[in-house]
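Mentor: Let us read this model one question at a time. Ask short questions, and I will give short answers.

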Amino acid sequence: MAEPLLTLERVTAGYGSALVLHDVSLTVPENGSLALLGRNGVGKSTLLMTIMGYTQLRDGRLTWRGRDISHLPPHARATSGIGWVAQEREIFPSLTVEENLTVASRPGAWDLAAVYKLFPRLNERSRNLGNQLSGGEQQMLAIARALMTNPALILLDEPFEGLAPVIVDELTDAIKAMLADRRVAIILVEQHTDIALELTTEAVVLERGAVAHRAPSAELQNDLATLDRLVGLRVAAGE
Ligand SMILES: Nc1ncnc2c1ncn2[C@@H]1O[C@H](COP(=O)(O)OP(=O)(O)O)[C@@H](O)[C@H]1O
Ligand SMILES: [Mg+2]
């Protein structure tokens, strides 16, 4: 069993006095991949934001590489190797693709050449401004920019949301290649359940801010009763 990279122990957190997450425990090993599933509003984004330190932690503990980070500010969590791709993507509109990438870069294996190899489209668009990109290209740029910080863990919040099926396929292949490289772990929040389970080895399903189910992704893929009950059945991208 690999050394845990990130551990959440009985995490209870929310916004101000409004608690959203209750007693959430989970572990991500080095190079691990975890799908975080559940219906709209169950607290998936809140969980990612809690890992980054953007919510109020009421109870429980977060450990990163054996160190308690429960009270570390977001910036310190980011520099210690946790990358976050927010649901809103947050591309700098007036910077070029290449500037968006280099502004975030930190030394490591993921450099311009490596992310351009993963996303050839970004290479073609390197001199375009952020606001000249399609939704799919913006998502690629958001992921590439997170990789440029050379994180050990990357948190992806609904990367396929609103994208055309052909772009979803392209992005799925890139994420597969990124994981095959075995230098980064992911937590993937996604409404396209089938793709999320295909890309990951473990899965956690939230319901009303608590863990309702956990299973290996390959097992959950075939557990249609649980998927129907906790997620709602969905077919492939572009249904
Ligand atoms: N900034 C915020 N302030 C207060 N409540 C919020 C905020 N963001 C989300 N919430 C609430 O937290 C709950 C979980 O939301 P969210 O984590 O976005 O769910 P999901 O990502 O699973 O759709 C919802 O009830 C939502 O209204
Ligand atoms: Mg969300």
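Trainee: Which class does L112 fall in: buried, partly exposed or exposed?
Mentor: Buried means under 20% relative accessible area, exposed means over 50%, and partly exposed lies in between (1.4 Å probe, protein chains only). L112 has a relative accessibility of 21%. So L112 counts as partly exposed.

Trainee: What kind of model is this?
Mentor: Residues are numbered from 1 along each chain as its sequence is written, chains are lettered from A and ligands numbered from 1 in the order in which they are written. Side-chain values use heavy atoms, with hydrogens and water left out, while local features need pLDDT of at least 70, side-chain atom pairs count only at pLDDT 80 or more, totals for chains, interfaces and linings use all residues, and the model is predicted.

Trainee: Which helix holds L112, and how far is L112 from T46?
Mentor: Helices are DSSP runs of H or I with at least four residues, strands are runs of E with at least two, and both are numbered from the N terminus. L112 belongs to helix 4, residues 112-118. T46 is 66 residues away along the chain, and the two C-alpha atoms are separated by 31 Å.

Trainee: T46 is also beside ligand 1. Which residues surround that ligand?
Mentor: A residue counts as near if one of its heavy atoms lies within 4 Å. The residues around ligand 1 are Y15, V20, R39, N40, G41, V42, G43, K44, S45 and T46.

Trainee: Which class gives five residues of that shell?
Mentor: Ala, Val, Leu, Ile, Met, Phe, Trp, Tyr, Cys and Pro count as nonpolar, Asp, Glu, Lys and Arg as charged, and the others, Gly among them, as polar. The shell around ligand 1 has three nonpolar and two charged residues. The five others are polar.

Trainee: How much of ligand 1 does the protein bury?
Mentor: Start with polar contacts, which are pairs of N or O atoms within 3.5 Å; within protein, one must be able to donate a hydrogen and the other to accept it, and residues adjacent in sequence count only if both atoms are side-chain atoms. Backbone N or O atoms of G41 and G43 lie 2.7 Å and 3.1 Å from ligand oxygens, and a side-chain N or O atom of K44 is 2.8 Å from one. Taken alone, ligand 1 exposes 560 Å² (Shrake-Rupley, 1.4 Å probe), and the protein buries 56% of that.

Trainee: Which element gives the largest share of the shell?
Mentor: That element spans residues 44-52 and supplies three shell residues. Seven of its nine residues are buried, so it is largely enclosed by the rest of the structure. Among the buried ones are K44 and T46. The element is helix 1.

Trainee: How far apart in sequence are the residues that coordinate the magnesium ion?
Mentor: Donors are N, O and S atoms within 2.8 Å of the metal (3.2 Å for Na, K and Ca), and sites may look incomplete because water is not among the atoms. The ion, ligand 2, is coordinated by S45 (OG) and Q87 (OE1) at 2.1 to 2.7 Å. S45 lies in helix 1 and Q87 in the loop between strand 6 (82-85) and helix 3 (97-102), so the pair ties together parts separated in sequence by 42 residues.

Trainee: How many residues separate E30 and R65?
Mentor: A salt bridge puts a side-chain nitrogen of Lys or Arg within 4 Å of a carboxyl oxygen of Asp or Glu. E30 and R65 form one, with closest N and O atoms 3.6 Å apart. E30 sits in the loop between strand 2 (18-29) and strand 3 (33-37), and R65 in the loop between strand 4 (56-64) and strand 5 (67-68), at a separation of 35 residues.

Trainee: Which partner of R121 is buried?
Mentor: R121 bridges to a residue of helix 6 (135-147), with N and O atoms 3.3 Å apart. R121 itself is partly exposed at 24%. Its partner has a relative accessible area of 3%, so it is buried. That partner is E137.

Trainee: Which residue in strand 1 has a positive phi?
Mentor: Most residues other than glycine have a negative phi. D23, in strand 2, has a positive one of about 60°. In strand 1 (residues 4-15), a phi of about 45° belongs to R10.
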